[in-house]
Structure formats: structure tokens, C-alpha cells
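Please walk me through this structure in the viewer, one selection at a time. What should I select next, and what is there?

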Amino acid sequence: MNGLTARNNGMSGWEKRMASNIQKLKKIKQFIPLYLMMLPGVLYLIINNYIPMAGIIVAFKQFNYTKGIWGSEFIGFKNFEFLFKSPDSWLITRNTICYNFAFIVIGTIGAIAVAVLLDEIKLPFAKKVYQTIILVPFLISIVIVSYIVYGFLSTETGFINNCILKALGKEPVSWYSSPRYWPFILMIVHEWKWIGYNCILYYATIVGIDKGYYEAAVIDGANRLQKIKYITLPALRPTVIILTLMSIGNIFRSDFGLFYQVPMNSGPLIDVTNTIDTYVYRGLMENSTLGMSSAAGLYQSFVGFVLVLGANLLVRKFDDENALF
Amino acid sequence: MVETRKAFQVIAHIIMIMLALFCILPIILMITSSFTSEDALILNGYSFFPSEIDFTAYKYLLVDSTDIIRGYMVSAVVTVIGTTFNVTVTTLFAYPLSRKNLPGRRFFMFFIFFTMLFNGGLIPTYIMWTGTFHIKNTLLALILPNLLMNAFYVFMMRTYFTTNIPNAVIEATKIDGAAEFHILGKIVLPMSRPIIATVTLMAGLSYWNDWLNGLYYINTDKLYSIQVLLNKMLLTSLFLKSGLGKQILGSVGETIPTSAIKMAVAVLGALPILIVYPFFQKYFVKGIVVGAVKG
């Protein structure tokens with residue numbers, strides 16, 4: 001640095017500026033290989049993510065495949081008017097939010113409980129076995145999950161009708177046409193698939209807690225519950241906040257497979273299984289409702305975005321360190 | 001004190017065993033059902049203890065039909081090509097982000113982070129891929145949309161690079177005159193095997209399990225991956241109408257084990273992952289932990 005200033009001393013202002021520009025160019029030039037490395041990723045993100053973001057304008061158009069997004073006629077908020085006047089808009093919003101809310105609450109409490117319990121187990125081998133097994137459902141694709149659910153619920157050959165209800169002397173239930181059971185079925189299936197995954201997230205945080213805290217607590221005469229209450233749970237707070245924040249940002253999104261494939265797209269169940277994602281997909285398949293569907297898609301993206309910004313803002317206000325950005 | 005501690009351990013084990021059973025029993029039901037003879041299934045339904053073991057369903061699927069084998073081939077090709085591209089693009093994007101002195105680093109971080117916050121949604125994406133890029137009913141439709149790059153994996157790798165590769169090492173090799181690509185290939189990558197294994201497994205899992213791209217963009221049965229085939233078989237009576245059904249109906253005059261076939265085909269779809277998983281369990285766990293929390 002000293003050498004540089006010494007050399008600069010003998011130059012005029014113009015020369016100095018040129019020199020500093022050349023310096024800057026040289027600095028940028030040395031990074032060209034790094035930019036080149038990022039090029040494929042940047043191109044992919046532009047194509048796969050950013051161009052469709054511009055394409056949300058389709059929600060304001062009377063879309064026509066031959067004319068394309070840009071050529072189609074502009075109709076302002078008509079699609080939104082149709083969407084919000086239809087009873088569907090209320091139903092899909094209610095379903096999406098209620099299910100997600102239940103998933104967040106049950107999922108978080110369940111996962112923390114299991115993680116704390118897993119940490120208390122002393123046998124290393126048993127710990128490893130439990131951890132391995134509860135993660136298996138996470139690896140199974142939702143399509144296969146729908147087969148497993150069918151194995152339990154099929155009216156003729158299902159395990160529940162044939163083995164459980166028969167043994168109890170009860171009449172078989174036609175599960176795929178009885179909407180009142182499905183909120184519970186979907187919650188159980190979702191919890192089954194994700195408990196191992198969520199549990200591992202919290203367990204990793206618990207393992208990372210400094211053991212010294214626990215030793216000190218024992219010296220002070222703390223019992224197991226007190227240790228959990230005053231050390232483990234507060235240590236989990238940042239993880240809970242981050243994960244909940246991300247879930248809130250996604251509260252307008254739903255696992256399409258869970259709501260479409262697992263109930264086998266069954267008509268009688270539609271009132272309890274239709275979410276924004278399944279609605280948008282069904283609209284894509286039938287052209288007549290494409291306009292409303294694209295409006296629903298934009299509604300989903302926009303509200304989700306506002307929610308995540310809002311949630312982050314709240315966290316930043318009360319607990320600055322743990323905000324997402 | 002010792003007594004209560006022991007009692008607590010016992011209770012903890014009992015709860016964990018029940019949870020493990022809750023997680024694994026449904027998968028076992030799927031497996032046992034696939035081995036059950038059709039007569040027993042019609043009589044007793046799917047059960048954990050088949051009264052009559054029978055492999056006809058697998059014979060139909062693997063010997064008499066070409067659909068499953070073709071589905072496996074499509075899935076394998078897509079998974080290998082897709083995962084290779086994913087890991088390459090992710091590594092190449094994550095490494096420069098780990099270099100603190102890179103001009104514009106914050107911009108590029110935001111550029112990828114924003115894709116996690118906002119997206120165009122299904123309809124514009126669908127119109128673009130089919131209208132502009134014409135990938136409908138090509139193998140590319142199973143590889144390109146959404147799965148090729150994931151912001152989570154990029155952040156995961158970047159975090160690994162920044163925390164595990166000392167800046168001094170990179171600086172030293174640069175002074176020696178090594179080019180950036182050389183540094184990445186010869187210095188950084190050999191030090192990053194665990195994270196590469198993790199990203200490879202997670203990306204491979206998402207390609208193997210993907211059925212949405214197939215659902216949206218594929219409607220010729222030649223290009224059905226195993227997951228898409230599974231989806232179509234459950235929701236439509238596809239396998240009675242098209243290839244598989246014809247072959248089964250056309251073969252010997254036995255009863256078709258449709259109920260067992262349903263479970264056997266699901267077992268075949270999950271099998272590769274269930275086989276691979278125990279060997280790579282720790283990488284999966286690492287991937288989940290690093291990806292979600294530090295992302």
C-alpha cells in the first residue's frame with residue numbers, strides 16, 4: 001500500500017484517476033474466472049426463476065396459448081374478481097392456512113419433544129437406531145406414501161377396514177369418500193413423513209449445547225425437568241424462530257402431493273383437500289379456469305412474500321440476532 | 001435417584017420404540033402386502049402376516065412387463081444426469097460466494113436468496129418451459145425445471161467452504177500463480193468431499209423421488225419415470241388400458257394380482273433408496289442439519 005501511494009505522489013489528478021481506474025479494472029479482471037464459474041448458475045436462475053416471476057403478468061391477461069403471455073389481451077383485475085367472487089377462493093385459502101398452521105404447531109412441538117427424549121437416551125447404539133428409523137419416511141416419495149395410505153384405507157383390501165374395524169366388530173368405512181376423517185388423516189401422514197426430519201434439526205442444536213451448562217446446573221441441584229426448561233428449550237429458541245419463520249413464509253404453499261395424490265384426487269374429499277396448489281394445478285389442466293388459477297398463483301406468491309417479510313420484520317424488532325435477513 | 005433415572009430411561013426407550021414402529025410399520029405393511037397371494041388379499045386385505053406368500057406380483061412386474069424396467073431406466077438416467085449437473089452448477093456457484101473479497105458478492109447472495117422468497121408459480125413456469133423452450137415430452141422436462149439448482153444446497157456448500165477451507169491456503173496457492181479453476185479443482189474440492197457427498201445424495205434423492213415434472217410435462221408413457229408411473233397407476237386405471245395391462249391380460253389365464261401389484265410396484269419405487277440409505281445415513285443427516293439451519 002505504501003509503495004502505491006509513493007508512486008502516486010508524482011502524478012497529476014487525471015493520471016491518478018486513470019491509474020486508480022486501471023487498478024480497479026485489474027482487480028475486477030483477476031475475478032473474471034470466479035464470475036465465469038457462476039455463469040451457469042446465474043443463467044439457470046434467470047431462466048428457471050426470474051423469467052417466470054415476470055410471467056406472473058399472465059394473471060392480468062386473458063391468456064391464449066397461440067398468442068403467448070405477452071401477446072394475450074390485457075384485462076386488468078378481471079381474473080382476480082372472478083377468483084375472489086367464487087366460493088373456491090375462501091375454501092382454498094382456509095384449507096391451506098389451517099393445515100399449515102396445524103402442521104407448524106404439531107410438527108414443532110412433536111419434533112422438540114422427540115429431540116429432547118432422543119438426547120436423554122444413554123445407549124449410543126439405540127440412539128443411532130432410533131435416529132435412522134424415524135428418518136426413513138422422509139426419504140419415501142409422496143407418491144409411494146399415497147400407496148401406503150391406500151394400503152391402510154382401501155375400502156375392500158385396506159388394513160384398517162379388514163384387520164382393525166373387523167376385529168372390533170365395526171362396519172367398514174369408505175375412507176376415500178368420507179371427508180370428515182381427512183383433516184386427521186392428512187395431519188397424521190404429514191407428521192409421519194416429517195417428524196424424523198424436524199426432530200434431527202432440533203436434535204443437532206441440542207447436541208451442540210455446551211455440556212458445561214448442564215454440569216453447572218447439576219451442581220446447583222437442578223433436576224432433569226429444570227435442566228430441560230432452563231437450558232435446552234432456551235437454546236432451541238433460535239432454531240425454532242428460524243424454522244417457524246420459514247414455515248410462515250410458506251404458509252400459503254402446500255405439499256401438492258399430500259393434498260392431491262394421497263387422497264387420490266377423490267371428488268367427495270375436495271372440500272377438505274383442495275388447497276391453492278391443487279387449485280392452480282386443476283386450473284392448468286382445464287383451460288376454462290386458467291385465468292383464475294393464474295390469479296390464485298400470483299395471490300399465493302405475493303401474500304407468501306409479504307408474510308415472510310412481515311414475520312422477519314417482527315423477529316428483527318424483538319429478537320434482532322435471530323432474524324432471517 | 002438411581003431408581004428414578006433407570007425408570008426414566010426405560011420410559012424414554014418405550015416411547016422411542018413406539019415412535020420408531022409408527023415410522024417403520026407402514027413401510028413393512030407395504031412390503032408384506034406385496035408378497036401376499038391375491039386370494040389372501042381378497043379375503044383378509046393387506047396385512048402384516050401374509051397367510052400365503054406369493055411372488056406373482058413381482059413376476060408380472062419384472063418379467064411379463066417392460067413398463068417398470070423402462071421406468072427404472074428413465075429414473076436412473078434422469079437421476080444420474082440431473083445430479084451431475086446439479087452438483088456441478090451448485091459447486092461452481094457456491095465457491096465464488098465463499099470468497100470474501102469477491103466484488104458483487106452480496107448481490108449474488110441476494111440473487112439466489114430471493115428465489116427462496118418469491119417465485120412465479122406453476123402457470124408462468126409451465127407456459128415458459130413448454131412455450132419458449134419446448135421441453136414438453138422430452139427427457140429434459142424431467143431434468144431442467146426446478147430441480148437443477150437449489151438455493152439450500154448453494155448456501156450449504158458456501159457455509160462449508162467458508163468454515164472449512166482456510167483463506168490462507170487459497171491466498172498461498174494464488175501467490176504461487178495458480179489459476180482459480182486450478183485452485184477449485186486441486187485444492188478446494190479434495191478438502192470438501194463430505195459436503196459434495198451430502199449435496200450429491202440430497203440432489204439424487206430429489207431427482208429419484210420427483211414426480212411433479214413428469215406430471216406437468218410428460219404425457220407419453222415411454223418417458224414415464226418410476227414415480228410418474230406410480231402416480232398414473234394409482235390415479236387412473238392406466239395399467240389396465242395401456243402396455244402393462246395388455247401384457248398381463250394377454251398372458252396366461254390366471255387371475256391378475258392387481259392388489260398385490262399395487263404394493264409391489266411401490267416397493268420397487270422405494271427400493272433403491274431404502275438400499276442406499278443405511279450406508280449414507282450420516283450424510284443425509286448432515287445435509288438436513290447444515291442445509292436447513294445454517295442456510
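Start with chain A of this predicted model, and select domain 1 of chain A and domain 2 of chain A, whose C-alpha centres lie 41 Å apart. To make the two selections, use residues 2-64 for domain 1 and residues 78-322 for domain 2, as the domain assignment gives them. Where the two domains touch, six residues come from domain 1 of chain A and eight residues from domain 2 of chain A. On the domain 1 side, five of these residues are nonpolar, one is polar and none is charged.

Next, show chain A and chain B together. How many residues does each chain give to the contact? Chain A gives 74 residues and chain B gives 77 residues. Now select residues 32-54 of chain A, which form helix 3: with 13 residues, helix 3 gives the most to the side of chain A that touches chain B. That side of chain A holds 49 nonpolar, 23 polar and two charged residues.

Last, move to chain B and select helix 8 (residues 151-164) and helix 11 (residues 193-209). Their axes are 10 Å apart, and the helices pack at an angle of about 170 degrees. An angle over 145 degrees counts as roughly antiparallel, so helix 8 of chain B and helix 11 of chain B are roughly antiparallel to each other. Show the side chains where they meet: B:Tyr153, B:Met156, B:Met157 and B:Tyr160 from helix 8 of chain B, and B:Ile195, B:Val199, B:Met202 and B:Ala203 from helix 11 of chain B. This contact has eight nonpolar residues, with no polar and no charged ones.

Terms used:
Residues are numbered from 1 along each chain as its sequence is written. Chains are lettered from A and ligands numbered from 1 in the order in which they are written. This is a predicted model: local features need pLDDT of at least 70, side-chain atom pairs count only at pLDDT 80 or more; totals for chains, interfaces and linings use all residues. Axes are lines fitted to C-alpha atoms, for helices over the stretch in contact, and angles run from 0 to 180 degrees between N-to-C directions. Helices (H or I, at least four residues) and strands (E, at least two) are DSSP runs, numbered from the N terminus. Angles under 35 degrees count as roughly parallel, over 145 as roughly antiparallel, 65 to 115 as roughly perpendicular and the rest as oblique. Two residues are in contact if their C-beta atoms, placed from the backbone, lie within 7 Å. Ala, Val, Leu, Ile, Met, Phe, Trp, Tyr, Cys and Pro count as nonpolar, Asp, Glu, Lys and Arg as charged, and the others, Gly among them, as polar. Domain bounds come from an automatic or database domain assignment.
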